[in-house]
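Student: I'm new to this one and would like a close look at just one part. Please pick a spot and talk me through it slowly.

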Amino acid sequence: MINIENGDPIVLTKALISCRSVTPQNDGAIEQLSHWLKEMGFKCDILNFKEEGTDDVLNLWARIGNDEGPALCFAGHTDVVPEGDKTSWSTDPFAANEIDGKIIGRGATDMKGAIASFVSATKKFLDERKNFAGSISFIITGDEEGIAINGTKKLLNWMDENSISFDDCIVGEPTNPKRLGEMIKIGRRGSVNGILTVDGQQGHVAYPHLAKNPIPILLNILNNLTSDQLDQGNEHFQPSNLEITSVDVGNKATNVIPQSASAKFNIRYNDNFNSETIEDEINRRLENFKNNFSLKLEHSGDSFLTKPGKLVSDLSEIIFNKTGINPDLSTSGGTSDARFIKNYGNVVEFGLISETMHQIDESVAVKDINDLSEIYYEVLTKYF
Ligand SMILES: [Zn+2]
């Protein structure tokens, strides 16, 4: 464990990367973060969440300040995805070596660099303004890259039970495709998986009248599911999309009508729908096929949009002043823990560059971390 010293975000990034916190492993990452925040005067709670059949996960809630002003929180995760084939890396994935102005390591951009920037920015702000009106808090989980059961969702629940709330939240996920400043995420699409199964009756292809082939029925159903666009999109979202991802019969014979056929699909839907109305739409499209199929739906997050307001416009302006780029306000990409946080307050996402995340030789430019840290610092000074 190292001390915060002057809060250099590069030093902090390297210290976090050196913890092998591959989900659900923590390897000291949460404790290190908590140690720095305590040195800065934060009240810290390390929470161990558990659930039968899953691994225990450490989470961190930390807060400094008072109730005399707005509450801003930084959110993120200290866990990382596995390093993959170690021999393909050009350096040890947990050594945080600096090569040609870049720190290479698992979690460098997703998202230990951003967490280090949160801490560094907060340190600089507090060194200048010990007595500000309001509060800064940290919502940090070790369960984002995994099944996300013992993570942010439970932490938010715990906050609710303890009557802790916040107004605005910045999630430090890597939002920029190539260059720092390109993209703020102000919402995410919802996602639902479906498995459709049609049961027929197995039989000999030469005696089709004695069998019932499920395949034409399934094709018909899929045709109905996909024939019309779900919507046209809107000002902030691309059109909702239904994608068939698999059609399975498992038939190895050429002379047998199979017993059953199934298909999988995924829908990424915008805020024209929610998890209920998207189900209604699916059911409406399948109405004519009642009793011919069974359907299992699995939701993994509702759509949401943070209406552009002061937080978004301030952040955009600060980013432009620092990078010269006017950030896109985007709702693209996969889901993140913002899907849970949006139920409790305004949430926007802005972090590092997504290009190398989850890859061999994940890396982050030293300059980008320094710039991001300054952007977060400017956000704090403007916010309070
Ligand atoms: Zn991430």
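Tutor: Let's start with Leu242, whose bridge partner in strand 14 is Ile267. Helices (H or I, at least four residues) and strands (E, at least two) are DSSP runs here, numbered from the N terminus. Before going on, keep in mind that this is a predicted model, where local features need pLDDT of at least 70, side-chain atom pairs count only at pLDDT 80 or more, and totals for chains, interfaces and linings use all residues. Residues are numbered from 1 along each chain as its sequence is written.

Now zoom out a little. Strand 12 and strand 14 (residues 260-269) run antiparallel, joined by seven bridges; two strands count as paired if DSSP finds at least two bridges between them. In general, strands of a sheet pair through backbone hydrogen bonds, either parallel or antiparallel. Here, four strands make an open sheet in the order 12-14-10-15, and the pairing is antiparallel. At the edges sit strand 12 (241-248) and strand 15 (294-299), each pairing on one side only. On average, neighbouring strands of this sheet are turned by 20° against each other, direction ignored. Axes are lines fitted to C-alpha atoms, for helices over the stretch in contact, and angles run from 0 to 180 degrees between N-to-C directions.

The sheet has a helix packed on it, too: helix 6 (residues 275-286) touches strand 10 (190-199), strand 14 and strand 15. Being in contact takes C-beta atoms, placed from the backbone, that lie within 7 Å. The direction of helix 6 makes about 30° with that of strand 10.

So where does this fit along the chain? There are two stretches to know: domain 1 (9-188 + 303-383) and domain 2 (190-299), with bounds that come from an automatic or database domain assignment. Taken over C-alpha atoms, the centres of domain 1 and domain 2 are 38 Å apart. Their contact takes eight residues from domain 1 and ten residues from domain 2. On the side of domain 1 that touches domain 2, three residues are nonpolar, five are polar and none is charged. For those classes, Ala, Val, Leu, Ile, Met, Phe, Trp, Tyr, Cys and Pro count as nonpolar, Asp, Glu, Lys and Arg as charged, and the others, Gly among them, as polar.

Definitions and conventions
Two residues are in contact if their C-beta atoms, placed from the backbone, lie within 7 Å.
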